[in-house]
Amino acid sequence: MHTIKITGVVAAAKRAREKLQGGIAAEHVDDFRRSVTRTITEVERICAEYKATPAQLPSASYQAYQFLKTLDLAKLPVRAEAADPAKPEAGRVRIKNLLPICAWAQGEINRIVTTAPSLALPVAIDRPDVAALLEFLTSNADIAEKICVNAKATPAALPIQSRQAYQWLRYLSDPDNLAAHLATLAAFRQTLAEPFWTEHLRVRNMHNAHTVYIDLCYSNVLYRFTATTKTITLRASEGFSGAPPEVIEALLRAAFTPGQTAAKSEVQAYSDSDDFLEIIAEIESLAEPPLQQQRGQHYDLNVVFDRVNALYFRGLVERPRLTWSTMHTARKMGHYQPHADTVMISLTLDDARAPAFVIDFVMYHELLHKQLGTQTVNGRRYSHTPTFRAAERRYPRYQEAVAFMAAMSRARTG
Ligand SMILES: [Zn+2]
C-alpha cells in the first residue's frame, strides 16, 4: 500500500476554520466555496490516481479532508461587514505616506540608539532628539487619525500595512512605550558589543564593513534577518520591546547564526508569553473600531463585571469601559487599556462552551491590571509583577481556569 502525502490540506482546513469563526464577508462567500471544493476535488483526484481512498491519508490530512467535506457550503456564516459602519471595510481609507514616515522614524531611532554617548538604561526621554522624535511620531499619528475622521472612519479602515504603520506610530507616541522601545534597542546593541558577538560577527565577516540595523516594528512577522553586502538588518516584532536579556540573546542567536533550534524555540515561547501578547493586544486595540458592545450572544459584560467586582473586589472597582473584541483570538483572551480605561474581552469567550468561571477569571485578571497598574524598573515596564501573580492565584478556580484556556488555545491553534 502506498503512503500518500498531500501537502496543503491541513493548512486549507485551518484557513477555512479561521474564516468560519470570524464569519465570511458576503463578497467572499463564492471564493470560499470555490476554494473548499477545489481542495476536496484535488484530494480525491490524487487519491484516485494512487488507487487509494482519503481514509488512507495520514490522519491529520484525513481529518482536514473530512472537515472540509462535511462543511455545509449552502449555509455559511455570512458577515454583513461592509454595511456595518462600526466595522469599516479595510482599505476604504487610504493615506499615502505612512510607510515612508515609519521608515524615517526607524532611521532616526537607529541613529539615536547608535550615537547615544552612553547606552545606560533607561534612555532619557527628555533628550532633545528623543523629544523631537516623540513629537514627530505623535503628530503623524494625529494627522492619520484626522484623515480617517474626515472620511467618517477610524484607522481600522486603512489597508493592513498602513493600519499597522499607524498603530506603530500611535503606540510609540506614548512616552513610556517609546522609552521601553529605545531601551530594548540599546540592550540589543549592548549585547552585540560583548566579546562573543563582536568575534562572532567578525568571523562571519559581518562587522565593520557592515552597518547593523535592528528595528522593532509592528507586522505579522515575528522576526526577519536580511543581509546585503553593506548592511545587516534584524527586524523583530514590537512585542519584544521590554524583553529580558536572555530573550534578546536568544533572538540574536536565532537570527544571526545557523541552526540554533533551542534559541528559536526560546524566542517562540516568549512570543506566547503574557508580556509579549500584552504589547500586541495594546497595539491591536489602537485600531479597533470605536465600538462598545457589551451584550454578547451568551454573556453580558456588564453582568460579568458586576459579579466579579462584587465577589472579588468588594465592589470597589470603578466600572471601566467594557467591550468585546471585534475578532476571535486564539491565545489572548482579554486586555486592559489604561489610557482608555477599557477592558476588552475576546469574542472567543462569548460562547456557550466557555464556562462562566473562565470568563469571570479573564475579567478578574484584567481588573487586577486596572487596580495594580504597571511598575517601571530601569525603563522596563512590568505588568505581571509578583504581587499581580499572587493576587491572580487567589482566584478560587485559578488552576482550572488556566487549564481550560490552555486547552481552548490549543484547539484553536493546533
Ligand atoms: Zn495580563
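Here are two short exercises on a predicted model, each with a worked solution.

Residues are numbered from 1 along each chain as its sequence is written. Local features need pLDDT of at least 70, side-chain atom pairs count only at pLDDT 80 or more, totals for chains, interfaces and linings use all residues, and side-chain values use heavy atoms, with hydrogens and water left out.

**Exercise 1.** Find which residues coordinate the zinc ion, and work out whether its site is regular or irregular.

*Solution.* Start with the donors (N, O and S atoms within 2.8 Å of the metal, or 3.2 Å for Na, K and Ca; water is not among the atoms, so sites may look incomplete). Glu-278 (OE), His-365 (NE2), His-369 (NE2) and His-384 (NE2) coordinate the zinc ion at 2.1 to 2.6 Å.

Next, look at the angles: they run from 86 to 158 degrees among the four donor atoms, and the site is irregular. Four donors count as tetrahedral if all angles lie between 85 and 135 degrees; four count as square planar and six as octahedral if opposite donors are over 155 degrees apart and all others between 65 and 115; anything else is irregular.

Then follow the chain, where the donor spacing is E-x86-H-x3-H-x14-H.

**Exercise 2.** Decide whether Glu-278 and His-365 are buried or exposed.

*Solution.* Take the cut-offs to begin with: buried means under 20% relative accessible area, exposed over 50%, partly exposed in between (1.4 Å probe, protein chains only). Glu-278 has 11% relative accessibility, so Glu-278 is buried. His-365 has a relative accessible area of 9%, so His-365 is buried too.
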